[in-house]
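Here is a small set of exercises to work through at your own pace. Have a viewer ready, try each task, and then compare your steps with the solution.

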Amino acid sequence: MSTNQPDGAVPIVALDVGGMDAARRIVKTLGSRCRFYKVGLELFTAAGPDVARWLRDEGCEVFLDLKFHDIPATMAGAARSAGRLGVRLLTVHAAAGGAGVRAAVEGAGAECGVLAVTVLTSLDAGELAAVWGRARSLAVEVEVQRLAGLAAEAGAHGIVCSGHEVAAVRTSFGDRLAPLVPGIRLAGGESHDQARVVTPSVAQAAGARYLVLGRAVTAAADPVAAMDEVHRQLASGGI
């Protein structure tokens, strides 16, 4: 899968809902304003592969955000199944190791880009140190760079990181890795359960290729207006 940077970052709306009916309402409401959707653990657990098939039938691209983390053989098989669904992007944990990421890349096939999750955007330096069993806080950017290197060596299409680390990743890896930034918020919006958030234009300017928007759009009083604002910011570069 090509990692060449497009003219601008690609916005993806997260269908973080509990079932197909709610997902259909969001897709219908946004219409042509969004043709790329994230299916995560909540919706996939409720609706299964049918949600991905339905989105493809609607002419939408699918980002399957299940963050595979298992032995290489299992990751390869799961990624192969995702590729057969017509999924465009798929996440795995970089912490699964180089062999696991490489197995997922091989299983997914050429048309499904594997993104390696580096450090979850819900974690700050102190929490990351606790997860890794370190006595002192870790520099998040250093850990992201380290895991990005593992992903690049394993042949991943890109990585998942916060907008705060994108510029450093671009400096180190150029177009070799396509960064996806979750936790995108419009200016003045709440950060919810994310610790490291940025606006669409800031993430794009830093070099993000994909942007994931959840409640900033889906929980807005007017989701259509919110999505229009995302496109306006990306087109103008304004915050």
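The exercises below go from the whole chain to its strands and then to single residues.

The model is predicted, so local features need pLDDT of at least 70 and side-chain atom pairs count only at pLDDT 80 or more, while totals for chains, interfaces and linings use all residues. Residues are numbered from 1 along each chain as its sequence is written, and side-chain values use heavy atoms, with hydrogens and water left out.

**Exercise 1. The chain as a whole**

Task: Find how many helices and strands the chain has, what share of its residues is buried, and what its mean pLDDT is.

Solution:
- Start with the secondary structure: the chain has 11 helices and eight strands. Helices (H or I, at least four residues) and strands (E, at least two) are DSSP runs, numbered from the N terminus.
- Next, take burial. Of the 239 residues in the chain, 52% are buried; here buried means under 20% relative accessible area, exposed over 50%, and partly exposed in between, with a 1.4 Å probe and protein chains only.
- Then turn to contacts, meaning heavy atoms within 4.5 Å. Take those between residues at least 6 apart in sequence: 68% of them join residues at least 24 apart.
- Finish with confidence. pLDDT is the predictor's confidence in each residue, from 0 to 100; its mean over the chain is 90, and 88% of the residues reach 70 or more. Over residues 191-195 the pLDDT is below 50, and this stretch has 14 contacts in the model beyond near neighbours in sequence. Where pLDDT is low, the predicted coordinates should not be read in detail.

**Exercise 2. Following strand pairings**

Task: Starting from strand 7, trace the pairings through to strand 4, and say in which sense strand 7 and strand 8 pair.

Solution:
- Two strands pair if DSSP finds at least two bridges between them. Strand 7 (residues 178-181) and strand 8 are parallel, with two bridges, and Val181 stands opposite Leu211 in strand 8.
- Move on to strand 1 (residues 10-14), which pairs with strand 8 in the parallel sense over four bridges. Val13 faces Leu213 across this pairing, and Ile12 has Val212 as its bridge partner in strand 8.
- Strand 1 also pairs with strand 2, again in the parallel sense, over two bridges. Here Ala14 is the bridge partner of Lys38 in strand 2. Between these strands the chain passes through helix 1 (residues 20-30), and this β-α-β crossover is right-handed: with the strands pointing away from the viewer, the path from the first strand over the helix to the second runs clockwise.
- Strand 2 (residues 36-40) pairs with strand 3 in the parallel sense over five bridges, where Gly40 is opposite Asp65.
- Last, strand 3 and strand 4 (residues 89-93) pair in the parallel sense over three bridges, with Leu89 as the bridge partner of Phe63. Together with helix 4 (residues 72-84), they make a right-handed β-α-β unit.

**Exercise 3. Covered strands**

Task: Determine which residues of strand 8 lie on each side, and how many residues are buried in strand 1 and in strand 3.

Solution:
- In strand 8 (residues 210-213), both faces are covered: Tyr210 and Val212 lie on one side, Leu211 and Leu213 on the other, and all are buried.
- In strand 1, four of the five residues are buried.
- In strand 3 (residues 61-68), six of the eight residues are buried.

**Exercise 4. Single residues**

Task: Is Lys67 buried or partly exposed, and what is its phi? Then look at Glu153, Arg176 and Arg24 in turn.

Solution:
- Lys67 is in strand 3 and is partly exposed, at 26% relative accessible area. Its phi is positive, about 50°, although Lys67 is not a glycine.
- Glu153 belongs to helix 7 (residues 140-153) and is exposed, at 69% relative accessible area. Its C-alpha atom is 7.4 Å from that of Gly98, 55 residues apart along the chain.
- Arg176 sits in the loop between helix 8 (166-173) and strand 7, and is partly exposed at 32% relative accessibility. The C-alpha atoms of Arg176 and His157 are 7.8 Å apart.
- Arg24 lies over the face of Trp54, 5.6 Å from the ring centre. The criterion is NZ of Lys or CZ of Arg within 6 Å of the ring centre and within 35 degrees of the ring normal.
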